[in-house]
Amino acid sequence: MCYNRLTLNLLVAMTFASTTSYAIERSDAQEAIALIQKAQAYLKINGVQKAVIEFNRLDSPFNSKSEINPKGDLYLFTLDSKGYQSVHGKNPKIRGKVMLEMRDVNGIYLIADMVKICFASKEARGWTKYSWPNPITKTVEAKKAYVEKVPELDLCIGTGIYK
C-alpha cells in the first residue's frame, strides 16, 4: 500500500511538473517586433537618455508583464556597433560592457551576430538564433532574438523569444 501511494504521489508530481513547463505563455515573433516598435517610438519621443533609464528598469512595462509586454517574457537590450550594451532589461551585470566576445553554450558569438545584422546588413534589422538562460524557467533554452537599428544613432535595440 505504501508503494502504491508513493507511486501515485510521484506520478502526480511528474504530471504537475510537466504541465507547469507548458503553462508558461510565450511571446511570438510578432509580439517581439511589436515591442521593438513601441521601444522605437518611446526613444523618438523621449530621447536616448530617458529611454536608457526606462529600458533598464527591471519593472519597466517593456521588461515585465504589462499592456506593452502581455506575457511578461520579453525584455529589451541595446548594443552599439562595437558591442557595447547600455541596456539590458533583465541582467544589470551586462549593462555598461562591451560584449562582442559573449558566446552561448554552443559557442555562438551572439552579440557579434547581432552587430552584423544591425550595422552591416542593408536591412539594419533581423533575427539570430542562439541558446540563452530563460529568466522565467531558469533553464538554457533555444532563443531567437530580433534586433533593429535606431535611425540616425549608433544604437541597436533588441528583444528575443524562447522556443
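Student: In what order do the four strands of the open sheet stand, and which sense does the pairing take?

Tutor: In this predicted model, four strands form an open sheet whose pairing is antiparallel. Strands of a sheet pair through backbone hydrogen bonds, either parallel or antiparallel. Read across the sheet, the order is β1-β6-β5-β4.

Student: Which strands stand at the edges, and why is one side of each left without a neighbour in the sheet?

Tutor: A strand with a single partner has one side without a neighbour in the sheet, and this is so for the strands at the two edges. From one strand to the next, the twist averages 35°. The edge strands, each with a single partner, are β1 (77-79) and β4 (125-133).

Student: How many bridges join β4 to β5, and which residue in β5 stands opposite T128?

Tutor: Strand β5 covers residues 140-149 and runs antiparallel to β4, with nine bridges joining the two. The residue in β5 that stands opposite T128 is A145.

Student: Which helix packs on the sheet by touching β4, β5 and β6, and what angle does its direction make with that of β6?

Tutor: The helix that touches β4, β5 and β6 (156-162) is α2, which spans residues 29-56. Another helix, α3 (residues 110-120), lies across β1, β4, β5 and β6 and runs at about 170° to β4. For α2, the angle between its direction and that of β6 is about 145°.

Student: How many residues of β6 are buried?

Tutor: On one side of β6, the buried residues are C156, G158, G160 and Y162, while on the other they are I157, T159 and I161, so that both faces are covered. The strand is largely enclosed by the rest of the structure, because the number of its residues that are buried is seven of the seven.

Student: Which residue is the bridge partner of K149 in β6?

Tutor: β5 and β6 pair in the antiparallel sense over seven bridges, and they form a hairpin with six residues between the strands, where E152 takes a positive phi near 65°. On its pairing with β1, which is also antiparallel, β6 has three bridges, and there T78 stands opposite I157. In β6, the bridge partner of K149 is C156.

Student: Is H88 buried or exposed?

Tutor: H88 has its place in the loop between β2 (84-85) and β3 (97-98). Leaving aside residues up to four places away in sequence, H88 touches N56, Y75, L76, F77, I94 and R95. Its relative accessibility is 6%, and because buried means under 20%, H88 counts as buried.

Conventions: Residues are numbered from 1 along each chain as its sequence is written. This is a predicted model: local features need pLDDT of at least 70, side-chain atom pairs count only at pLDDT 80 or more; totals for chains, interfaces and linings use all residues. Side-chain values use heavy atoms; hydrogens and water are left out. Two strands pair if DSSP finds at least two bridges between them. Axes are lines fitted to C-alpha atoms, for helices over the stretch in contact, and angles run from 0 to 180 degrees between N-to-C directions. Contact means heavy atoms within 4.5 Å. Buried means under 20% relative accessible area, exposed over 50%, partly exposed in between (1.4 Å probe, protein chains only).
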